[in-house]
Amino acid sequence: MKDIIIAIDGYSSSGKSTMARQLAAAIGYAYIDSGAMYRAVTLHAMRQGMISPDGTLDTQALTRALPHIAIDFRVPQGETASHTYLNDTDVEQEIRTMAVSAHVSPVAAVPDVRHALTEMMRRYGLRRRIVMDGRDIGTTVFPDAEMKIFVDASPQERARRRHAELIAKGNTDTSYEEVLQNIRQRDHIDRTRSESPLRQAPDAIILNNDNLTPDAQAAWLLEKYRQIADA
């Protein structure tokens with residue numbers, strides 16, 4: 001089988017990260033979570049007071065800070081899954097909170113942020129044999145990726161999954177309605193931003209996973225990989 005780049009794009013909370021991580025593990029590829037990178041930048045902006053209480057983002061301050069933001073993926077001792085590190089600090093749990101989710105789309109819409117992280121992602125891709133998920137991986141970051149998947153699911157189903165995930169992690173203060181509203185807001189921002197809006201690449205394979213079990217989804221992805229890598 002030839003070494004390829006696999007780009008998995010789609011809407012927020014559609015299960016992209018889970019399926020990308022599982023596929024990478026199954027075929028021995030590296031998994032790069034681009035969404036975690038944007039979340040890490042958002043967390044940095046929050047910590048540095050670049051986002052006001054009303055949600056206004058100081059884009060100039062964030063742009064100036066970009067050269068000083070280092071993002072890496074490492075597997076902590078005793079674990080098997082990689083964690084996101086922001087300036088050498090493990091922030092994997094903190095970047096998954098609703099507080100970060102509420103601000104990540106406006107941060108990700110800033111052109112300078114997208115340019116900086118796109119270049120970082122492309123450096124990961126030089127070695128190929130990677131699976132990367134996000135919003136514009138197959139359209140902007142790796143338009144020549146050999147395998148492109150676009151994941152879709154209804155806002156209601158995505159909210160149900162995200163809410164269940166939060167509950168499982170002990171976050172019982174966030175309601176399903178709040179999660180659904182956040183997802184709809186993020187969808188709107190992702191589709192309408194001027195810089196690399198969320199859209200399906202013309203050569204992407206659509207995966208609607210509203211009614212797919214995790215096992216069926218994993219089998220579907222693995223079959224697509226084998227067909228493309230063997231071609």
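This tour moves from the whole chain to its pockets, then to one helix and a handful of single residues.

**The whole chain**

Begin with everything displayed as a cartoon, keeping in mind that this is a predicted model. The chain has 9 helices and 8 strands. Its radius of gyration is 17 Å, close to the 17 Å that the globule rule gives for 231 residues, so the chain is as compact as a globular protein of that length. If you align the view with the principal axes, the C-alpha trace spans about 50 × 40 × 35 Å. Switching to a surface, you are looking at about 11000 Å² of exposed area, of which carbon and sulfur atoms supply 50%, while 49% of the 231 residues count as buried. As for how the chain is connected to itself, 71% of the contacts between residues at least 6 apart in sequence join residues that are at least 24 apart.

**The largest pocket**

Next, select S13, G15, S17, T18 and E165, which are, of the 44 residues lining the largest pocket, the closest to its centre. The volume of this pocket is about 1000 Å³. To see the walls, colour the elements that each give two or more residues to the lining, namely α1 (16-27), α2 (34-47), α4 (98-108), β6 (130-134), α7 (155-168), α8 (176-192) and α9 (214-229). The largest share of that lining comes from α1, with 6 residues. Colouring the lining by class gives 20 charged, 16 polar and 8 nonpolar residues.

**The second largest pocket**

Keep α1 in view and add R21, A24, A25, Y29, A30, Y31, V75, T80, A81 and S82, which line the second largest pocket. Its volume is about 150 Å³. Two or more lining residues come from each of α1 and β2 (30-33), and α1 gives the most, with 3 residues. Which classes make up this lining? The residues divide into 7 nonpolar, 2 polar and 1 charged.

**Helix α4 and its cover**

Now select α4, which is mostly covered, with 8 of its 11 residues buried. Show the side chains of M98, V100, S101, H103, V104, S105, V107 and A108, which are the buried residues of this helix. If you then bring back the surroundings, what covers these residues includes α2, α3 (59-65), α5 (111-125), α7 and α8.

**R96, in the loop before α4**

Step back along the chain to R96, whose place is in the loop between β5 and α4. With a relative accessible area of 16%, R96 falls under the 20% cut-off and therefore counts as buried. Setting aside residues up to four places away in sequence, R96 touches D33, A36, R39, T84, R162, L166 and K169. For one of these partners a distance can be drawn in the viewer: R96 and R39 are 57 residues apart in sequence, and their C-alpha atoms lie 7.8 Å apart in space.

**R114, in helix α5**

Moving on to helix α5, select R114. Is R114 buried or exposed? R114 is buried, with a relative accessible area of 2%. Beyond its neighbours within four places in sequence, R114 is in contact with Y38, A108, D136, R193, E195 and S196. A108, which appears among these contacts, is also one of the buried residues of α4.

**N87 and D88, between β4 and β5**

Turn then to the loop between β4 (83-86) and β5 (89-90), where N87 lies and where D88 is also found. Most residues other than glycine have a negative phi. N87, although it is not a glycine, has a positive phi of about 50 degrees, and D88, likewise not a glycine, has a positive phi of about 70 degrees. N87 is partly exposed, with a relative accessible area of 34%, whereas D88 counts as exposed at 59% relative accessibility.

**E177, in helix α8**

The last stop is E177, found in helix α8, one of the elements that help to line the largest pocket. E177 is exposed, with a relative accessible area of 55%. Draw a line from its C-alpha atom to that of A159, and the separation is 8.2 Å for two residues that are 18 apart along the chain.

Technical notes. Residues numbered from 1 in each chain as written. Predicted model: local features only at pLDDT ≥ 70, side-chain atom pairs only at ≥ 80, totals over all residues. Heavy atoms only, no water. 1 Å grid on protein atoms, 1.4 Å probe; cavity = no way out; pocket = protein on both sides within 12 Å on 5 of 7 lines; lining within 4 Å. Points joined across faces, edges and corners; volume = space filled by probe spheres on them. Helix = DSSP H or I, 4+ residues; strand = E, 2+ residues; numbered from the N terminus. Nonpolar A, V, L, I, M, F, W, Y, C, P; charged D, E, K, R; others polar. Buried < 20%, exposed > 50% of the residue type's maximum accessible area, 1.4 Å probe, protein only. Contact = heavy atoms within 4.5 Å. Rg over C-alpha atoms; globule rule 2.2 N^0.38 Å. Areas by Shrake-Rupley, 256 points an atom, 1.4 Å probe, with all protein chains shown as cover.
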